[in-house]
Amino acid sequence: MIDLKSKSYCPTLAEIEQVVQNPVFTQFCSEIKETYACKEKIEFSCCSMEPGWNVKFKKAGKTLCTLYPRELYFTVMIVVGKKEKEAVEAILPECAAVLQEIYQQTKEGNGQRWLMIDVQEQEPLYQDILRLIQIRRTC
């Protein structure tokens with residue numbers, strides 16, 4: 001198995017899928033690629049909080065989301081900026097309680113919240129995450 005913390009080898013998406021070992025990761029990536037007609041970009045982050053390889057999806061120069069692979073699950077990072085804030089807060093009461101809690105507990109800095117959402121199964125968060133990405137794309 002590959003080491004996602006080693007900068008010496010850039011893994012493919014298929015290799016990252018083997019590390020995650022969760023079909024929801026594969027489905028999520030496929031859904032984002034199809035919905036937004038974009039390709040994944042695999043990047044190495046030197047960030048002290050999340051060093052290692054991650055998967056970014058961008059459209060029109062804007063990052064829709066970043067995926068941090070883990071064993072058996074993955075974390076989706078979505079930035080809610082000034083442009084998205086009103087739309088996100090409008091739908092938040094309809095979202096899963098866990099997402100509402102993540103939003104409330106994430107501190108705002110420079111007008112942004114960097115939401116880190118762990119995904120292991122398809123529901124209840126999955127559809128909410130897709131809604132946040134749609135807002136990010138349209139705002």
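This report describes a helix pair, two pockets and one buried glutamate in a predicted model.

**The pair H1 and H2**

Helix H1, which covers residues 13-20, packs against helix H2, residues 23-36, at an angle of about 145°, and the axes of the two helices are 9 Å apart. On the H1 side the contact is made by Leu13, Ile16, Glu17 and Val20, while H2 contributes Phe25, Thr26, Cys29 and Lys33. Sorted by class, this contact of H1 with H2 comprises 5 nonpolar residues, 1 polar residue and 2 charged residues.

**The two pockets**

The table sets out the volume and the lining of each pocket.

| Pocket | Volume | Lining residues | Classes in the lining |
|---|---|---|---|
| Largest pocket | about 410 Å³ | 23 residues | 11 nonpolar, 7 polar, 5 charged |
| Second largest pocket | about 170 Å³ | 13 residues | 7 nonpolar, 1 polar, 5 charged |

In the largest pocket, with its space of about 410 Å³, the lining residues closest to the centre are Cys47, Tyr68, Met77, Trp114 and Met116. Five strands each supply at least two residues of this lining, namely E1 (40-45), E2 (52-59), E3 (62-69), E4 (74-80) and E5 (113-119). Of the elements that take part, E3 gives the most to the lining of the largest pocket, with 5 residues.

The second largest pocket holds about 170 Å³ of space, and the residues of its lining that come closest to its centre are Leu4, Lys5, Val19, Pro69 and Arg70. The elements that give two or more residues to the lining of this second largest pocket are E2 and E3, and both of these strands also supply at least two residues each to the lining of the largest pocket.

**Glutamate 84**

Glutamate 84 is placed in helix H3, which spans residues 82-91. Because its relative accessibility is 3%, glutamate 84 counts as buried, the limit for that class being under 20%. The side chain of glutamate 84 is joined to the side chain of lysine 62 by a polar contact of 3.1 Å. When neighbours within four places in sequence are left aside, the residues in contact with glutamate 84 are Lys62, Val79, Ile135, Arg136 and Cys139.

Methods
Residues are numbered from 1 along each chain as its sequence is written. This is a predicted model: local features need pLDDT of at least 70, side-chain atom pairs count only at pLDDT 80 or more; totals for chains, interfaces and linings use all residues. Side-chain values use heavy atoms; hydrogens and water are left out. Axes are lines fitted to C-alpha atoms, for helices over the stretch in contact, and angles run from 0 to 180 degrees between N-to-C directions. Helices (H or I, at least four residues) and strands (E, at least two) are DSSP runs, numbered from the N terminus. Contact means heavy atoms within 4.5 Å. Ala, Val, Leu, Ile, Met, Phe, Trp, Tyr, Cys and Pro count as nonpolar, Asp, Glu, Lys and Arg as charged, and the others, Gly among them, as polar. On a 1 Å grid over the protein atoms alone, a cavity is a set of points where a 1.4 Å probe fits but cannot get out, and a pocket is an open set with protein on both sides within 12 Å along at least five of seven lines; lining residues have an atom within 4 Å of a point. Grid points are joined across faces, edges and corners, and a volume is the space filled by probe spheres set on the points. Buried means under 20% relative accessible area, exposed over 50%, partly exposed in between (1.4 Å probe, protein chains only). A polar contact is a pair of N or O atoms within 3.5 Å; within protein, one must be able to donate a hydrogen and the other to accept it, and residues adjacent in sequence count only if both atoms are side-chain atoms.
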